[in-house]
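Here is a short briefing on one protein chain. Have the sequence and the model open while reading.

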Amino acid sequence: MKRKTRKSSTTSFNDPQKGFDPTSKRIVFSLLILIVAVMIGTYFFIDYKYGSFSNMFLGETTETTTEEETQKIEIKNVDGKKNALIAVTSPGENEVYNIFMVGINMSDNVSSFVSIPLQTVDAGGNTLKEEFAMGGVSQIEYVLERMLDIDFDLTLCATQNGYKFFLTELGKGIEFDVPQDLQFSTTNYTVSLKAGKQELSFDTFVKLMLFDEWSGEADATYTMQAQLLKALYEQYFKPKYITRDVDKFTYRMKYIKSDVSSEDYVNDLDALEYIAATKFKLQVLTPQGSFAGSGDKEKFTLSKGGIAQINSAFTLPPAEEKE
């Protein structure tokens, strides 16, 4: 009589019918615990060393970012004024789309925003658009300084894309209360928006700076364009965007043509920090004047009252200027 031998049974790791034996389960469980532990450890190491995954890829450690975040800027009281001339141009920079003026009176803590009609006629009978074609933004600066009896401290000029790249370096978009439904197309751009408060992408924001079909009086376009610039100023001219990193400033400015050098930037940091940290009254000025003609020959003439209003907003009283 043959003696029966007992067969030992083994369970395969990947046998779907028999499943895992206790030893296999322990091994799998241990591996899972190990993987989770490694992931948690890696997370805390990156958080401790770099602060975030993005910082790790940028090569910035928590020591540098914390130093930047906790560094207290000493805000010095600054008086005087700063006037800026801003131009938005076509891609080839051979045509001007917008002319903006921004005046910052640090003595009274008032910021003024004006969008000047391109059809504005100078003393020689030329429009600003024609003056730009002859000598660029520097020619417009020359004309406006004499027309309005003011001085510009800096000029900024860039194409639509240049401004979009520059603004993208600061943030994601602009919150703006669009006053009306918009559905408009030209050969250069399309605008499609519902009325109401919303975040505009920088692409849409720059398109609206060019939009000239706002409902209302003839000057509604220039009021709305200045309102857009005011919204940009309110949301992005803040202490966290003011940096003493000259390389970062230079990188951003490469998208914009300007007469501001790195040396000017360093010299004006006290004024920038004061403006960014101080509560300013923000006012939008609508050019006062009249249109004449039609079509391409349409021209705009600033009234004496309009010139006086802009001059008052963009200059300081003589006594303060002398001090």
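Start at T159, which touches T89, S90, P91 and E93, leaving aside residues up to four places away in sequence. The model is predicted. The notes below move from this residue to the helices, the cores and the whole chain.

**T159 and its surroundings**
- T159 is part of strand 4.
- Is T159 buried or exposed? Its relative accessibility is 14%, so T159 counts as buried; the cut-off for buried is under 20%.
- The side chain of T159 has a polar atom 3.0 Å from the backbone nitrogen of G162.

**Helix 5**
- Helix 5 spans residues 160-168.
- G162 is one of its buried residues. The others are Q160, Y163, K164, F166 and L167.
- What do the buried residues of helix 5 pack against? Three strands take part: strand 1 (81-89), strand 2 (96-105) and strand 4 (154-159).
- Helix 6, helix 7 (220-236) and helix 8 (246-253) are also packing partners of these buried residues.

**Helix 6**
- Helix 6 covers residues 202-210.
- Eight of its nine residues are buried, so helix 6 is largely enclosed by the rest of the structure.
- The buried residues are F202, T204, F205, V206, K207, L208, M209 and L210.
- L208 touches L182, V191, L193, L200, W214, Q225 and L228, again not counting residues up to four places away in sequence.

**Nonpolar cores**
- In soluble globular proteins, nonpolar side chains tend to be buried together.
- The largest nonpolar core here holds 53 residues.
- Which residues have the most contacts inside this core? They are M106, Y163, L182, F205, L208, M209 and L229.
- Helix 7 contributes the most to this core, giving nine residues.
- A second core is separate and has 25 residues. Among them are V96, F132, F152 and F300.
- Y163 of helix 5 is buried, as are F205, L208 and M209 of helix 6. These four residues are listed among those with the most contacts inside the largest core.

**The whole chain**
- The protein chain has 12 helices and 12 strands.
- Of its 323 residues, 39% are buried.
- Take the contacts between residues at least 6 apart in sequence: 60% of them join residues at least 24 apart.
- The exposed area of the chain is about 19,900 Å². Carbon and sulfur atoms supply 52% of that area.

Definitions and conventions:
Residues numbered from 1 in each chain as written. Predicted model: local features only at pLDDT ≥ 70, side-chain atom pairs only at ≥ 80, totals over all residues. Heavy atoms only, no water. Buried < 20%, exposed > 50% of the residue type's maximum accessible area, 1.4 Å probe, protein only. Helix = DSSP H or I, 4+ residues; strand = E, 2+ residues; numbered from the N terminus. Contact = heavy atoms within 4.5 Å. Core = buried A, V, L, I, M, F, W, Y, C linked by side-chain atoms within 4.5 Å. Polar contact = N/O pair within 3.5 Å; in protein donor to acceptor, adjacent residues only side chain to side chain. Areas by Shrake-Rupley, 256 points an atom, 1.4 Å probe, with all protein chains shown as cover.
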